[in-house]
Amino acid sequence: MASFGIHPNTISLNNSSAKRHLFSARKLHLSFPISCSAVGNGSQKENSSQFKELRNVAFGLLATWAVTAASPVIAANQRLPPLSTDPDRCERAFVGNTIGQANGVYDKPLDLRFCDFTNEKSQLKGKSLTAALMSDAKFDGADMTEVVMSKAYAVGASFKGTDFTNAVIDRVNFGKADLQGSVFKNTVLSGSTFDEANLDGVVFEDTIIGYIDLQKICTNKSISEEGRAELGCR
């Protein structure tokens, strides 16, 4: 549930339902000075204009939160759409999802299923692959540093030796994926699932991960002792 309030000098938007993020609650807080004066109608009009501006900002923030919260995440047992017939669907990864960002909203699905990006060293770096369908694709040895993967579906995909340094991996389904030897150095890893995934030899150096997510990933028995130590598994 989200709430917002307008106060004499501040406006804030609170979201108390973000349980799957790094923090249990998020707070967006903007502050604008409002000058009050009793000098004529001109000052009253100015204050009215400032109030309308603050109100518009509040509604804009609330709308942004609503779109993010309402965006669906593909469940492991959910039926996927038919494979895209676009002959250039794999090459679309080199452009990425240009409008979705972290909301998983897109104008056209980014269907990378069964694509082979083995040892791709330049064209995936820093791309936005939000809401991408990546099941059974190959990213072995690929450079995916600084990519943004939010609400992607990567069940059964192969990421052996993939470099995710400085990436944002948010709410990605890695079920049964092979991530052997991949690198999550200084990576934001939030809300993602690794059920039956191979995490042997994965580097978790300085990985940014929430406590609940840490508890879940530590149940994966394929993580090496070194990886468990880096994560802080108990």
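**Exercise 1. A buried acid and its partners**

At 3% relative accessibility, Asp-111 counts as buried; in this predicted model, work out which salt bridges Asp-111 forms and which residues share a network with Asp-111.

*Solution.* Begin with the arginine that comes earlier in the chain. Arg-89 makes a salt bridge with Asp-111, and the closest N and O atoms are 3.9 Å apart, a distance that falls inside the limit of 4 Å for such a pair. Because Arg-89 and Asp-111 both lie in the loop between H1 and E4, the pair ties together parts that are 22 residues apart in sequence. Arg-89, at 12% relative accessibility, counts as buried, as does Asp-111 at 3%.

Next, turn to the second partner. The side chains of Asp-111 and Arg-113 meet in a salt bridge with an N to O distance of 2.7 Å, and both of these residues are buried.

Before joining the two results, place the remaining bridge, since the count comes to 3 salt bridges. Arg-171 forms a salt bridge with Asp-170, with the closest N and O atoms 2.5 Å apart; Arg-171 counts as buried at 9% relative accessibility, and Asp-170 counts as buried at 7%. Salt bridges that share partners join Arg-89, Asp-111 and Arg-113 into one network.

**Exercise 2. A buried acid without a salt bridge**

Determine where Asp-143 is found, which side chain of opposite charge is nearest to Asp-143, and which residue is joined to Asp-143 by a polar contact between side chains.

*Solution.* The location is settled first: Asp-143 is found in the loop between helix H1 (40-70) and E4. Asp-143 is buried yet has no salt bridge, and the nearest side chain of opposite charge, that of Lys-125, is 4.0 Å away.

A polar contact of 2.9 Å does, however, join the side chains of Asp-143 and Thr-145. To complete the surroundings, leave aside the neighbours within four places in sequence; Asp-143 is then in contact with Glu-120, Lys-121, Leu-124, Lys-125 and Asp-163.

**Exercise 3. Classifying two aromatic pairs**

The structure holds 8 aromatic pairs; decide how the pair of Phe-94 and Phe-117 is classed, and then do likewise for Phe-164 and Phe-184.

*Solution.* A pair of aromatic rings is described by the distance of the centres and the angle of the planes. For Phe-94 and Phe-117 the ring centres are 5.9 Å apart and the planes stand at 80°, so the pair is edge-to-face. This pair links distant parts of the chain, given that Phe-94 and Phe-117 both lie in the loop between H1 and E4 but 23 residues apart. Phe-94 is partly exposed, with a relative accessible area of 22%, whereas Phe-117 is buried, with a relative accessible area of 4%.

For Phe-164 and Phe-184 the ring centres are 4.9 Å apart and the planes are at 10°, so the pair is stacked. Since Phe-164 lies in the loop between E4 and strand E5 (168-170), and Phe-184 in the loop between E5 and E6, the pair ties together parts that are 20 residues apart in sequence. Phe-164 is buried, with a relative accessible area of 0%, and Phe-184 is likewise buried, with a relative accessible area of 0%.

As a last step, place these four residues in their wider setting: Phe-94, Phe-117, Phe-164 and Phe-184 are among the members of one aromatic cluster, which also includes Phe-139, Phe-159, Phe-174, Phe-194 and Phe-204.

**Exercise 4. The sheet and the overall pattern**

Establish the strand order of the open sheet, name its edge strands, and state what pattern the protein follows along the sequence.

*Solution.* The open sheet of 4 strands has the order E4-E5-E6-E7, with parallel pairing. Its edge strands are strand E4 (148-150) and strand E7 (208-209), each of which pairs on one side only. Strand E6 (residues 188-190) and E7 run parallel and are joined by 2 bridges, and Val-188 stands opposite Ile-208 in E7.

Widening the view, the protein has 3 helices and 7 strands, which, read along the sequence, follow the pattern β-β-β-α-β-β-β-β-α-α. Of its 234 residues, 39% count as buried. Finally, among contacts between residues at least 6 apart in sequence, 27% join residues at least 24 apart.

Notes:
Residues numbered from 1 in each chain as written. Predicted model: local features only at pLDDT ≥ 70, side-chain atom pairs only at ≥ 80, totals over all residues. Heavy atoms only, no water. Pairing = 2+ DSSP bridges. Buried < 20%, exposed > 50% of the residue type's maximum accessible area, 1.4 Å probe, protein only. Lys, Arg positive; Asp, Glu negative; His and termini not counted. Polar contact = N/O pair within 3.5 Å; in protein donor to acceptor, adjacent residues only side chain to side chain. Contact = heavy atoms within 4.5 Å. Phe/Tyr/Trp six-rings, centres within 6.5 Å; stacked < 30°, edge-to-face > 60°.
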